[in-house]
Each structure stands twice: as C-alpha cells, then as structure tokens.
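Visitor: Could you take me on a close look at a single part of this protein, and then show me how the rest is arranged around that part? I would be glad of one connected account rather than a list.

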Amino acid sequence: MSVIGAVRMLVEVRKAGGAGAAGLAMSCLLMGYLAAAFDVASSRNLVIGAEYNIKEWELRIFLASLRSSGSDAQVVLFSGRAQPHTESLALRYQVTLINYDFEALN
C-alpha cells in the first residue's frame with residue numbers, strides 16, 4: 001500500500017463512522033503505517049494539512065513559503081470544500097489533494 005493509499009483509507013474509515021473504538025484503532029494503525037513508511041522507505045519529509053474554506057491568499061502564502069524554503073517534502077492536504085483556487089494551487093506547488101465531506105465527518 002502506498003502512503004497516499006493509506007491516507008485515503010484513513011479518510012474512508014472516518015467517513016464510514018469510524019468515531020468508535022474500531023475506527024480509532026484503524027486510524028492509529030494507518031497513521032503508524034504512514035510514519036513507518038516515511039521513516040524507513042524514504043528520506044523525504046511529509047507535511048499533512050487540512051483546510052476548510054480557507055482563503056486563497058492564506059493557502060498561497062503557506063504553500064509558497066514552504067516551497068521557497070527549499071523543502072521537497074511531500075505535501076498532502078485534506079480539502080473539506082472544493083474551491084477553484086485550492087486545486088490550482090495544489091498543482092502549482094505539487095500538493096496531493098484528498099477531498100472529504102466536512103459535513104458528513106462532523
């Protein structure tokens with residue numbers, strides 16, 4: 001399983017009502033897999049973030065400053081609300097977007 005696959009599975013567990021003990025255990029297992037995958041299999045860093053209804057300039061400043069620092073980290077951004085600027089900035093700054101249904105998870 002790829003790291004991105006594990007992150008996507010984590011989102012699916014949470015969508016399926018994984019707030020109980022079984023969901024929490026699966027979430028911890030998948031997060032452990034992510035940590036292990038990046039400690040052992042790669043020397044790259046991983047930045048995981050989440051956004052919901054963030055303003056374009058806020059996201060642009062975050063991503064631009066991250067990349068201008070010389071970081072080549074893999075960036076995974078959970079996006080709770082589809083906005084045109086989110087997708088365009090993700091492409092520009094090489095970010096993997098994982099969309100989720102904010103209302104269903106809360």
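**A buried glutamate and its surroundings**

Guide: With a relative accessibility of 4%, Glu-51 counts as buried, and that is a good place to begin. Please keep in mind throughout that this is a predicted model.

Glu-51 sits in strand β1, a strand that spans residues 46-51. What does the side chain of Glu-51 reach at 3.3 Å? The partner is the backbone nitrogen of Ile-54. A second partner is Ser-79, whose side chain makes a polar contact of 2.7 Å with the side chain of Glu-51. Leaving out residues up to four places away in sequence, Glu-51 touches Leu-77, Phe-78, Ser-79, Gly-80, Arg-81, Gln-83, Thr-86 and Tyr-100.

Now look from the side of Ser-79. This serine belongs to strand β2 and counts as buried because its relative accessible area is 2%, below the 20% cut-off. Beyond its neighbours within four places in sequence, Ser-79 is in contact with Glu-51, Thr-86, Leu-97, Ile-98, Asn-99 and Tyr-100. Thr-86 and Tyr-100 are thus among the contacts of Ser-79, and they are also among those of Glu-51.

Let us step along the chain from Glu-51. Tyr-52 lies in the loop between β1 and α3 and, at 33% relative accessibility, counts as partly exposed. Tyr-52 and Ser-79 are 27 residues apart along the chain, yet their C-alpha atoms are separated by 6.1 Å. Setting aside residues up to four places away in sequence, Tyr-52 touches Gly-80, Arg-81, Tyr-100, Phe-102 and Glu-103. Asn-53 is in the loop between β1 and α3 too. Its phi is positive, about 60°, although Asn-53 is not a glycine. Is Asn-53 buried, partly exposed or exposed? Its relative accessibility is 40%, so Asn-53 counts as partly exposed.

Strand β1 can be followed in the other direction as well. Leu-46 lies in this strand and is partly exposed, with 24% relative accessibility. From Leu-46 to Val-76 the C-alpha to C-alpha distance is 7.6 Å, while the two residues are 30 apart in sequence.

Which elements each supply at least two residues to the lining of the largest cavity? They are β1 (46-51), α3 (56-68) and β2 (74-79). The search of the whole structure finds one cavity of 30 Å³ or more, and the volume of the largest is about 30 Å³. Val-47, Ile-48, Gly-49, Phe-62, Leu-63, Val-75, Val-76 and Leu-77 line this cavity. By class, seven of the lining residues are nonpolar, one is polar and none is charged.

Leu-63, Val-75 and Leu-77 from that lining also appear in the largest nonpolar core. The full membership of the core is Leu-59, Leu-63, Leu-66, Val-75, Leu-77, Leu-89, Ala-90, Tyr-93, Val-95 and Leu-97, 10 residues in all. At least two residues of this core come from each of α3, β2, α4 and β3. The largest share, three residues, is supplied by α3. Leu-63 shows how core members meet: not counting residues up to four places away in sequence, Leu-63 touches Val-75, Leu-89, Tyr-93 and Val-95.

Following the core towards β3 brings us to another positive phi. Gln-94 lies in the loop between α4 (84-92) and β3 (95-99), and its phi is near 55° in a residue other than glycine. At 60% relative accessibility, Gln-94 counts as exposed, whereas Asn-53, at 40%, counts as partly exposed.

Finally, here is the overall frame that holds these details. The protein has five helices and three strands, and from the N terminus the elements run α-α-β-α-β-α-β-α. Of its 106 residues, 34% are buried, and Glu-51 and Ser-79 are among the buried residues. Taking contacts between residues at least 6 apart in sequence, 62% join residues at least 24 apart.

Notes:
Residues numbered from 1 in each chain as written. Predicted model: local features only at pLDDT ≥ 70, side-chain atom pairs only at ≥ 80, totals over all residues. Heavy atoms only, no water. 1 Å grid on protein atoms, 1.4 Å probe; cavity = no way out; pocket = protein on both sides within 12 Å on 5 of 7 lines; lining within 4 Å. Points joined across faces, edges and corners; volume = space filled by probe spheres on them. Helix = DSSP H or I, 4+ residues; strand = E, 2+ residues; numbered from the N terminus. Nonpolar A, V, L, I, M, F, W, Y, C, P; charged D, E, K, R; others polar. Buried < 20%, exposed > 50% of the residue type's maximum accessible area, 1.4 Å probe, protein only. Core = buried A, V, L, I, M, F, W, Y, C linked by side-chain atoms within 4.5 Å. Contact = heavy atoms within 4.5 Å. Polar contact = N/O pair within 3.5 Å; in protein donor to acceptor, adjacent residues only side chain to side chain.
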